[in-house]
Amino acid sequence: MSNIHHDTNPSSSGPMGGGSLTAFFDSRSEAESAISRLEDAGVPVARIRLMPGYEADGKNASAISDDRSGFFDALADFFFPDEDRAMYAEGLRRGGFLVQVNDIDDALYETVHDILDDEGSIDIDERADLWLSESGRQGGSNTGFAGSAHGGKAADDLAVSESAFEAETRPVAIRDTAHGSAKVRAYTYPGGSSPSTDPGRQTQSQSQGGSNQGFRRDH
């Protein structure tokens with residue numbers, strides 16, 4: 001596998017303090033290919049996360065999961081704003097795969113962005129608009145999904161699951177439009193460091209069923 005060019009030009013580097021880059025893929029093979037390239041480029045494996053969506057069996061290849069609240073809940077410690085979290089949950093429900101890289105070193109920021117941008121990732125805003133039109137809902141890009149995981153039993157489930165964050169205020173990442181692109185969303189975190197890479201939180205996640213692979217696989 002060829003090496004990726006490391007662009008260290010300050011004008012194209014990432015935000016001070018790291019931040020995260022996130023991309024969404026239609027297939028597991030594309031997501032794992034991007035992860036392999038990230039590892040080859042020198043990204044620490046502990047900073048790479050894969051969240052697989054609903055994977056139907058061969059007989060139901062085009063099936064969509066009914067579980068809206070479950071995927072929304074599973075993204076809790078990705079610390080997305082609720083509208084982004086709901087949109088990604090919709091994509092996971094439809095069988096997609098989310099890849100996130102946290103606390104990116106400045107020298108690797110552009111390399112990480114380039115890998116996520118060209119390894120089969122989708123334009124998530126464009127896809128979200130398509131999902132909204134299919135469902136008959138309205139709203140620009142991801143904003144129409146902001147309330148999709150709420151209401152009825154889903155709301156009760158989320159109220160219970162979110163209670164885990166009551167003891168400590170749940171941090172929320174801020175969308176960084178200066179460093180993202182159509183296929184890659186950039187986020188920064190209050191305090192300048194992703195809470196998901198906190199050693200205690202990582203250890204807890206891995207003890208709950210971590211993968212033997214070099215990156216963190218959620219669920």
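A polar contact is a pair of N or O atoms within 3.5 Å. The model is predicted.

Q: Which residue caps the N-terminal end of α5?
A: The cap is made by a side-chain oxygen that lies 3.2 Å from the backbone nitrogen of aspartate 125. A polar contact requires N or O atoms within 3.5 Å. The oxygen belongs to aspartate 123.

Q: How far apart are the end C-alpha atoms of helix α5?
A: Helix α5 covers residues 124-135, which is 12 residues. At 1.5 Å a residue, the expected span is 16 Å. The model agrees: the end C-alpha atoms are apart by 16 Å.

Q: What arc do the buried residues of α5 cover around the axis?
A: Buried means under 20% relative accessible area. In α5 this holds for Ile124, Ala128, Trp131 and Leu132. They sit on the same side of α5, because the arc they cover around the axis is only 100°.

Q: Which elements do the buried residues of α5 pack against?
A: The opposite face carries exposed residues: Glu126, Ser133 and Glu134 are turned away from the buried side. The buried residues pack against β1 (20-25), α3 (82-93) and β5 (184-188).

Q: Which residues of β2 point the other way from Ile48, Leu50 and Pro52?
A: In a regular strand the side chains alternate between the two faces of the sheet. In β2 (residues 48-52), five of five residues are buried. Ile48, Leu50 and Pro52 point one way; the other way point Arg49 and Met51.

Q: What is the bridge partner of methionine 51 in β3?
A: Strands β2 and β3 (residues 97-101) run antiparallel. Five bridges join them. The partner of methionine 51 in β3 is leucine 98.

Methods. Residues numbered from 1 in each chain as written. Predicted model: local features only at pLDDT ≥ 70, side-chain atom pairs only at ≥ 80, totals over all residues. Heavy atoms only, no water. Helix = DSSP H or I, 4+ residues; strand = E, 2+ residues; numbered from the N terminus. Expected span 1.5 Å × (residues − 1). Buried < 20%, exposed > 50% of the residue type's maximum accessible area, 1.4 Å probe, protein only. Arc of directions from axis to C-beta. Contact = heavy atoms within 4.5 Å. Polar contact = N/O pair within 3.5 Å; in protein donor to acceptor, adjacent residues only side chain to side chain. Pairing = 2+ DSSP bridges.
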